[in-house]
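Please walk me through this structure. Begin with the cysteines, then move on to the helix beside them and the core.

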Amino acid sequence: MRKLFLFSTIICLLIGCGQSYEDTKRISRAQRIRLAKEDSAALKIAVMPTLDCLPFYLAEDHNLFDTVVDIRLKHFTAQMDVDTAMMNRRVEMAVTDLVRAERMIKQDSAIGYLTATNAYWQLITNRIARMTELKHLEDKMLAMTRYSVTDMLGDLAVDSAKLKQEFVFRIQVNDVNIRLKMLENNEMDALLITEPHAAQARLLKHKVLLDTRKLDMKMGAVVMRNKDMNEKNRKRQLDVMIKGYNDACDSINKYGVAAYTDLVMKYCKVKKNTVESLKDIKFEKISVPRPQDIECARKWLSRK
C-alpha cells in the first residue's frame, strides 16, 4: 500500500510539473502583456547620466512623484537614443538640448517645450596636449555628437579661433561615459561635455577652454509630446510630475548637490570627489527656455 501511495504521488508530481510548465508559459505571456499595458499607460521620461537630470532622479528615488500616478524614468547614455525614443513615441518626455530639441520639433510638430534646465557645456582639452587657446585645436580630435549643442559649440570654437573647419577633426562619440573615458585614457585631444563628467575631467587637471555660462547660453531643455498631454490621465500625470520636479529642485537648492552624492554616483557613474566638487549649482523650477537660446539653436540648424 505504501509503495502504491508513493507511486501515485510521483505520478501526480510529474503531471503537476507538466501542467506547471504550460501554466508558466501562459503566465509569462500574460505578465508580458500586463507589463506592456502598464508601461504604455505610464508617463515615461527619457533621461541621461547628466546632472541636469538630478531633479528627476531625486523625485523618483525619494517618492516625490505621487505613487498613485505611474511615472517612469527611461535611462539612456547617448542623446541620439533619447531622440529615437522620443520620435518613436516610446517616451512622452525627454531631457535634451535646444539644438536637438529644435531638430525634433521640425520633424514632429507634436513635440514642444516643458522647461529649460540648468545644463551647461564645457570644451575641455587633454592636459597632455597642452592646449591653452582655441586655436590650438588645429589638427586635433574633438569628441562631440552631431546635430547637438556640442556640434554647435564645436563650430563656435573653430570659428572664433579663425580655424578652417576641416582642420579640426570632429569625432562623434555619442555615449557620454565613453567620451569621458577616452579623455582619461588619452585617446582624445578634446571634448565637449556637461556636468558631472566635466567636473571629473577638471579634477584630473584637464583644461577648460570654453564654457557656455560665460557665453550666456542656456541650452538645456526638457521636451514633451504636447498632444499626448491633452488626455485626462496624462494631464494628471503631468501635474504630479511638475510638482515632484519643483519639490526636488527646492530640496537640491536647500541642501546642495553634495547632499545627494550617492544619487549622482549611482546614475552618472562618477567618483565621490567629483560630486563633492560641484558647489553653488542651482536648479530652476519648471520654466520655458529663453527665446534667445531657442533662436540661437534655430539659426545654427538653418546654416547646417
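The sulfur of cysteine 268 lies 7.5 Å from the closest cysteine sulfur, that of cysteine 53, and this is too far for a bond. A disulfide needs the two sulfur atoms within 2.5 Å. In this predicted model, the count of disulfides is therefore zero by that rule. Cysteine 53 is in no disulfide, and its nearest cysteine sulfur is that of cysteine 268, 7.5 Å away.

Are these two cysteines buried or exposed? Cysteine 53 is buried, with a relative accessible area of 0%. Cysteine 268 also counts as buried, at 2% relative accessibility.

Cysteine 268 has a contact to follow up: threonine 50. Threonine 50 sits in the loop between strand 1 and helix 2. Its relative accessible area is 7%, so threonine 50 is buried, the cut-off being under 20%. Beyond its neighbours within four places in sequence, threonine 50 is in contact with Cys268, Tyr57, Thr194, Glu195 and Pro196.

Tyr57 leads into helix 2, where it is one of the buried residues. Helix 2 spans residues 54-61. Six of its eight residues are buried, so helix 2 is largely enclosed by the rest of the structure. The buried residues are Leu54, Pro55, Phe56, Tyr57, Leu58 and Ala59.

What do the buried residues of helix 2 pack against? Four strands are listed by name: strand 1 (43-47), strand 2 (71-75), strand 3 (93-97) and strand 10 (220-225). Two helices join them, helix 8 (232-255) and helix 9 (261-268). After helix 2 comes asparagine 63, whose phi is positive, near 55°.

Phenylalanine 56 shows this packing at the level of one residue. Leaving aside its neighbours within four places in sequence, phenylalanine 56 is in contact with Ile45, Val47, Phe65, Leu73, Val95, Val222, Met241 and Tyr245.

Phe56 also brings us to the nonpolar core. The largest such core has 81 residues. Phe56 is among those with the most contacts inside it, along with Met93, Leu123, Leu137, Met219, Met241 and Val257. Helix 8 supplies the largest share of this core, seven residues. Apart from this core lies another, of 11 residues. Its members include Ala143, Val173, Ala198 and Ala201.

To recap, cysteine 53 and cysteine 268 are both buried, but their sulfurs are too far apart for a bond. Helix 2 is largely enclosed, and its Phe56 is among the residues with the most contacts inside the largest nonpolar core.

Terms used: Residues numbered from 1 in each chain as written. Predicted model: local features only at pLDDT ≥ 70, side-chain atom pairs only at ≥ 80, totals over all residues. Heavy atoms only, no water. Buried < 20%, exposed > 50% of the residue type's maximum accessible area, 1.4 Å probe, protein only. Contact = heavy atoms within 4.5 Å. Core = buried A, V, L, I, M, F, W, Y, C linked by side-chain atoms within 4.5 Å.
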